[in-house]
Amino acid sequence: MNKSIVKLLTDFGPLFIFFLVYYKSDKNLITAIPPLIISTLVAVLIVYVIEKKIPYLPLIGATLITMFGALTIFFKNPIFLYLKPTIINIIFAAALLIGKLILNKNFLKSFFKNSIKLEEIGWDKLLYRWIGFFIFLAILNEAVWRTQAEEVWVNFKVWGILPITFLFTIFQVPLINKYKKDEE
């Protein structure tokens, strides 16, 4: 199977399974969480087997999904699952900000160094935009789960965050093109 297809399936398969089980179980969040946890752990294992290295970001995501999912099931309270995207986005924003301000390291540059070559000012602008975007997603998640029905939040989680992230990424192309280093 093509690596890009496997990547797509391992990235989005667990979320799709969660969505399907949620609707097949008469919108029961507690019923949809175990398949989400299991499929996420299987996805991390598949990536590990294919790439022969530990996939750190997916592993962190799987750990958080397992932890927040387990808390939701144990306490029979969906607030833990609702808070997961907020906490993850705040962690990403904080990690990028701490990396830059305290460690004097642009983690975005470290992560994309093999695929994008930018001038330093471009990396800094891109970094601060992503920090702002992660904070925006955290606030947006809070607004949705606190003001909308559970079903709306589930649909937002599955069908809202991804397109918003895709659009944000597309809007970064002019900045990337402006500060792209010329190939020598």
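## Helices, core and rings in a predicted model

Helix α2, residues 29-51, has 23 residues, which at 1.5 Å a residue should span 33 Å; the end C-alpha atoms of α2 lie 32 Å apart, so the two values agree. The expected span here is 1.5 Å times one less than the number of residues. Helices are DSSP runs (H or I, at least four residues) numbered from the N terminus.

A word on the ground rules: this is a predicted model, in which local features need pLDDT of at least 70 and side-chain atom pairs count only at pLDDT 80 or more, while totals for chains, interfaces and linings use all residues. Residues are numbered from 1 along each chain as its sequence is written, and side-chain values use heavy atoms, with hydrogens and water left out.

### Helix α2 and its surroundings

Let's stay with α2. At the N-terminal end of α2, Asn 28 acts as a cap, with a side-chain oxygen 3.0 Å from the backbone nitrogen of Ile 30. That is a polar contact, meaning a pair of N or O atoms within 3.5 Å; within protein, one must be able to donate a hydrogen and the other to accept it, and residues adjacent in sequence count only if both atoms are side-chain atoms. After α2 comes Lys 52, whose phi is positive, near 60 degrees.

Buried residues of α2 include Leu 29, Ala 32, Leu 36, Ser 39 and Val 47. Buried means under 20% relative accessible area, exposed over 50%, and partly exposed in between, with a 1.4 Å probe and protein chains only. The buried residues of α2 pack against α1 (3-24), α3 (56-75), α4 (79-101) and α7 (150-170). Contact means heavy atoms within 4.5 Å.

How is Ser 39 placed, buried or exposed? Ser 39 lies in helix α2 and is buried, with a relative accessible area of 12%. The side chain of Ser 39 reaches the backbone oxygen of Leu 36 at 3.2 Å. Leaving aside neighbours within four places in sequence, Ser 39 is in contact with Pro 14 and Ile 17.

Ile 65, in helix α3, also meets α2. Ile 65 counts as buried at 13% relative accessibility. Leaving aside neighbours within four places in sequence, the contacts of Ile 65 are Leu 36, Ile 37, Thr 40, Ala 70 and Lys 84.

### Helix α7

Helix α7 has 21 residues and reaches 29 Å from its first C-alpha to its last, close to the 30 Å expected at 1.5 Å a residue. There is a bend of about 40 degrees in α7 at Phe 156; the bend at a residue is the angle between axes fitted to the seven residues ending there and the seven starting there. Among the buried residues of α7 are Trp 153, Val 154, Phe 156, Gly 160 and Phe 168. The buried residues of α7 pack against α1, α2, α4 and α6 (120-147).

### The nonpolar core and the aromatic rings

A nonpolar core is a set of buried Ala, Val, Leu, Ile, Met, Phe, Trp, Tyr and Cys residues joined through side-chain atoms within 4.5 Å. The largest one has 35 residues, and those with the most contacts inside it are Phe 18, Leu 29, Leu 118, Leu 126, Trp 130, Trp 153 and Val 154. The elements giving two or more residues to this core are α1, α2, α4, α6, α7 and α8 (173-179). Which element gives the most? That is α6, with 10 residues. Not counting residues up to four places away in sequence, Phe 18 touches Leu 29, Ala 32, Leu 36, Leu 81, Val 154 and Val 158.

Rings of Phe, Tyr and Trp (its six-membered ring) pair if their centres lie within 6.5 Å; planes under 30 degrees apart count as stacked, over 60 as edge-to-face and the rest as tilted. By this rule there are 16 aromatic pairs. One aromatic cluster is formed by Phe 92, Trp 130, Phe 133, Phe 134, Phe 136 and Phe 168.

### Two loop residues with positive phi

Most residues other than glycine have a negative phi. Here are two that do not follow that pattern.

| Residue | Phi | Loop | Relative accessibility |
|---|---|---|---|
| Asp 26 | positive, about 55 degrees | between α1 and α2 | 70%, exposed |
| Asn 104 | positive, near 55 degrees | between α4 and α5 (107-112) | 64%, exposed |
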